[in-house]
Amino acid sequence: MKHGKRYVDAAKLVDRTKLYDTGDAVQAVIDTAKAKFDETVELHIKLGVDSRHADQQVRGAVVLPNGTGKNVRVLAICKGANEELAKEAGADFVGAEDMTQKIQQENWMDFDVLITTPDCMGLVGRLGRILGPRGLMPNPKAGTVTPDIAKAVREAKAGKIEYRLDKTNIIHCPIGKASFGKDKLVENLDTLMDAVVKAKPAAAKGQYIRSVAVTSTMGPSVRINPAKFSV
């Protein structure tokens with residue numbers, strides 16, 4: 001893959017043979033985030049599990065203490081008193097049958113998170129083929145199917161992110177913006193890593209945290225010493 005001059009110049013600032021300490025890695029990412037927009041900083045964690053087995057799945061959600069820097073658009077599908085609670089908590093869109101029909105008939109997708117209550121899962125379940133491939137299907141493990149919809153909406157707006165394995169056993173998550181600065185990004189990174197470490201499946205054998213890398217939207221990847229997160 002051919003990279004532009006900006007990326008090539010930034011890559012020269014990173015030692016690809018080195019495993020960095022967390023703070024140094026984050027600072028390197030900030031220093032190489034030279035795009036004309038505020039680049040998102042992402043964490044990539046390769047785990048020593050096999051996602052093909054149900055007892056080795058790693059999935060959950062965590063509230064980043066400094067948020068993600070993104071305005072999260074929340075759709076709450078609920079009924080009755082929960083509708084007002086969701087609105088008061090800051091949900092951008094609230095409804096039930098009207099919202100599910102809008103998604104089905106208009107292919108409407110102007111939201112980042114869908115939160116629902118258990119009594120509305122029958123409605124939401126019909127949207128599985130649409131929401132599933134986009135990673136938008138609510139799930140109790142992620143806290144997006146819950147009777148306390150107000151709390152879930154507030155957490156989503158505050159920077160709650162979901163982490164899950166892809167087919168190559170890697171977790172990819174945003175941990176903020178380059179403009180956050182080193183301290184806030186390190187705090188978010190440590191919070192996410194703590195959650196992933198605690199989510200280690202009992203069936204996982206051998207080294208759990210295989211590799212950790214941090215990168216910005218347009219910048220080079222910086223590897224972090226995984227020994228720091230050994231379990």
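**Figure 1. Helices α3 and α7 pack roughly parallel to each other in this predicted model.** The angle between α3 and α7 is about 25°, and their axes lie 8 Å apart. Angles under 35 degrees count as roughly parallel, and α3 and α7 are therefore described that way. The crossing of the two helices is right-handed. From α3, the residues in the contact are Asn82, Leu85, Ala86 and Ala89. They meet Ile149, Ala150, Val153 and Arg154 of α7. By class, the contact of α3 with α7 has six nonpolar residues, one polar residue and one charged residue.

**Figure 2. One face of helix α7 is lined by its buried residues.** Helix α7 covers residues 149-158, and its buried residues are Ile149, Ala150, Ala152, Val153 and Ala156. Viewed down the axis of α7, these residues fall within an arc of 165°, so they line one face of the helix. What do the buried residues of α7 pack against? Their partners are two elements listed here as β3 (74-77) and α3 (81-89), together with β5 (113-116) and β6 (160-164). Gly159 follows α7. The phi of Gly159 is positive, near 120°.

**Figure 3. Helix α2 is largely enclosed by the rest of the structure.** The helix spans residues 22-32. Eight of its eleven residues are buried, so the surrounding structure encloses most of α2. Which residues of α2 are buried? They are Thr22, Gly23, Ala25, Val26, Ala28, Val29, Ile30 and Thr32.

**Figure 4. Asn188 is a buried residue of helix α8.** Helix α8 runs over residues 182-198. The relative accessible area of Asn188 is 0%, so Asn188 counts as buried. Neighbours within four places in sequence are left aside here. Beyond them, Asn188 is in contact with Leu64, Pro65, Asn66 and Gly67. Asn188 also contacts Ile175 and Phe180.

**Figure 5. Gly60 sits buried in strand β2.** The strand covers residues 59-63. Relative accessibility of Gly60 is 4%, which means that Gly60 counts as buried. Leaving out residues up to four places away in sequence, Gly60 touches Lys141, Ile161, Glu162 and Tyr163. Gly122 provides a distance reference for this view. Gly60 and Gly122 are 62 residues apart along the chain, and their C-alpha atoms are separated by 22 Å.

**Figure 6. Lys46 of strand β1 and Arg210 are 5.4 Å apart, C-alpha to C-alpha.** In sequence, Lys46 and Arg210 are 164 residues apart. Strand β1 spans residues 40-47. Is Lys46 buried, partly exposed or exposed? With a relative accessible area of 31%, Lys46 is partly exposed. Neighbours within four places in sequence aside, Lys46 contacts Thr168, Asn169 and Ile170. Lys46 is also in contact with Tyr208, Ile209, Arg210 and Ser211.

**Figure 7. Asn169 and Asn107 are loop residues with positive phi.** Most residues other than glycine have a negative phi. Phi of Asn169 is near 65°. Asn169 lies in the loop between β6 and β7 (170-177). Asn169 has 14% relative accessibility and therefore counts as buried. Asn169 is also among the residues in contact with Lys46. Phi of Asn107 is near 55°. Asn107 lies in the loop between α4 (97-106) and β5. At 46% relative accessibility, Asn107 counts as partly exposed.

**Figure 8. Ser221 is a partly exposed residue in the loop between β8 and β9.** Strand β8 covers residues 209-216 and β9 covers 222-224. The relative accessible area of Ser221 is 28%. Which residues does Ser221 touch, not counting residues up to four places away in sequence? They are Val14, Arg16, Ala213, Val214 and Thr215. Ser221 and Ile209 are twelve residues apart along the chain. The C-alpha atoms of Ser221 and Ile209 are separated by 17 Å.

Technical notes: Residues numbered from 1 in each chain as written. Predicted model: local features only at pLDDT ≥ 70, side-chain atom pairs only at ≥ 80, totals over all residues. Heavy atoms only, no water. Helix = DSSP H or I, 4+ residues; strand = E, 2+ residues; numbered from the N terminus. Buried < 20%, exposed > 50% of the residue type's maximum accessible area, 1.4 Å probe, protein only. Contact = heavy atoms within 4.5 Å. Arc of directions from axis to C-beta. Axes fitted to C-alpha atoms, helices over the stretch in contact; angles between N-to-C directions. Parallel < 35°, antiparallel > 145°, perpendicular 65-115°, else oblique. Left-handed = near helix turned anticlockwise from the far one by under 90°. Nonpolar A, V, L, I, M, F, W, Y, C, P; charged D, E, K, R; others polar.
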